[in-house]
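Welcome! Have a look at the structure below, then work through the exercises at your own pace.

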Amino acid sequence: MAQSPPCDIGLMLWQNKNAVVIGRNQSAWSECRVPLLQSEGVELARRISGGGAVYHDEGNLNFSFFSSQDRLDTARNVRVLADALHSLGLDIAPGGRNDILLPDGKKCSGQAFAHTNGRSLHHGTLLLRANRENIARYLTPRQHKYASKGIPSVAARVGSLTDYLPQLSMGMLCEVIETSFFREYGHGERVDALSIADRETVARLAREQASDAWRLGESPRLDTTFDAQFPFGFLRLSMRIENGIICACKAESDALDADAVTRLESALTRAPYTPDALRERAHGITVVPGLGFDRVKVAQAVVEHLFD
């Protein structure tokens, strides 16, 4: 994201071959079948943004809007996508925390966000042709996430643009999105992303984010666990308590405010294991407005679970 061009607003359209991509604060072992990915040559990646696990292949288009943080306008970015598909005769609509829905209510897109050094990233997927078999094969979401909505599986929840537009090709989809982007934000220019990036920095980030330490994360010994579903997403806190102190804390979440989850993990580490201390630490973290992370409700739920 730091390598994005210094323009008011930019858009990159790109694809991956077979891969599972998890959110910054998720557990790879909980969200997907890691040994199966390894045995079948499916890449595992962890992104810098929040949100949930997704499956990428060549039937999926990824979009990345980047801008200065003060110019981020997610509703306007979604309008670029909606207007592009409307021009082909298909109406889509926002739904849930971060989804874009087809007319039958199935999900064709998920979105996530990241902010650093005054720059913002708003990115997501757009399913041209969803491979439901591989989605069900590789992803292992928490069952109650779908059971509570009366939906039998993650694969049953997703839909494809080609369900409504059978002749739509990836090239055509990219073309109408590009046209819609320039119509919404004004005429600009097309650039090769790698031509304007610092190649040494890109290579260093690629090495770091390909490492097992980043992709799989650490698995410290933890003995106290809290987990719950909030309006902003799932949250699990695993802690090791010694002599009345939280010696280690690991937070897992698909919350869109990934930084808030990381800050909560840091705030609780080395905190006294008391209700007042937990409330004070949780209430004190910084959150991104508009992404829904409710630190007060989190503190209340954690304290009630652990001490009542």
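Buried means under 20% relative accessible area, exposed means over 50%, and partly exposed lies in between, with a 1.4 Å probe and protein chains only. Helices (H or I, at least four residues) and strands (E, at least two) are DSSP runs, numbered from the N terminus. This is a predicted model, in which local features need pLDDT of at least 70 and side-chain atom pairs count only at pLDDT 80 or more, while totals for chains, interfaces and linings use all residues. Residues are numbered from 1 along each chain as its sequence is written, and side-chain values use heavy atoms, with hydrogens and water left out.

**Exercise 1. Find the two faces of helix α11.**

Step 1. Locate α11 at residues 275-283 and mark its buried residues: Ala277, Leu278 and Ala282.

Step 2. Look down the axis of α11: the buried residues fall within an arc of 125°, so they line one face of the helix. The arc is that of the directions from the helix axis to the C-beta atoms. As a reminder, an α-helix has 3.6 residues a turn, so residues three or four places apart point the same way.

Step 3. Turn to the face of α11 that points away from the buried side, and you meet the exposed residues Asp276 and Glu280.

Step 4. Ask what covers the buried residues of α11: the cover includes β12 (245-253), α10 (258-268) and α12 (295-307). Here contact means heavy atoms within 4.5 Å.

**Exercise 2. Trace the six-stranded sheet from edge to edge.**

Step 1. Write down the order of this open sheet, β1-β5-β9-β8-β7-β6, with antiparallel pairing. Two strands pair if DSSP finds at least two bridges between them.

Step 2. Check the edges: β1 (9-14) and β6 (93-95) each have a single partner strand, so one side of each is left without a neighbour in the sheet.

Step 3. Consider the twist: neighbouring strands of this sheet are turned by 25° against each other on average, direction ignored. Axes are lines fitted to C-alpha atoms, for helices over the stretch in contact, and angles run from 0 to 180 degrees between N-to-C directions.

Step 4. Add the helix that packs on the sheet: α7 (residues 170-185) touches β1, β5 and β9 (119-127), and its direction makes about 175° with that of β1.

Step 5. Follow the pairs around β5 (residues 60-68). Six bridges join β5 to β1 in the antiparallel sense, and Leu11 has Phe65 as its bridge partner in β5. Nine bridges link β5 with β9, again antiparallel, and Phe66 stands opposite Leu121 in β9.

Step 6. Judge how enclosed β5 is: nine of its nine residues are buried, so β5 is largely enclosed by the rest of the structure.

**Exercise 3. Work along the strands β10, β11 and β12.**

Step 1. Start with β10 (residues 224-230), which is joined to β11 by seven antiparallel bridges. A hairpin through two residues connects β10 and β11, and Ala228 has Leu235 as its bridge partner in β11.

Step 2. Move on to β12, which pairs with β11 in the antiparallel sense over eight bridges. Ser238 stands opposite Lys250 in β12.

Step 3. Inspect the hairpin of β11 and β12, which has two residues between the strands: Asn243 takes a positive phi near 55° there.

Step 4. Count the burial of β11 (residues 233-242): seven of its 10 residues are buried, so β11 is largely enclosed by the rest of the structure.

**Exercise 4. Describe the surroundings of Arg97.**

Step 1. Place Arg97 in the loop between β6 and β7 (99-101).

Step 2. Classify Arg97: with a relative accessible area of 32%, Arg97 is partly exposed.

Step 3. List the contacts of Arg97, leaving aside neighbours within four places in sequence: Pro231, Phe232, Gly233, Asp254, Ala255 and Leu256.

**Exercise 5. Sum up the whole protein.**

Step 1. Note the secondary structure, which comes to 12 helices and 12 strands.

Step 2. Record the burial: of the 308 residues, 47% count as buried.

Step 3. Note the extent of the C-alpha trace, which spans about 65 × 45 × 35 Å along its principal axes.
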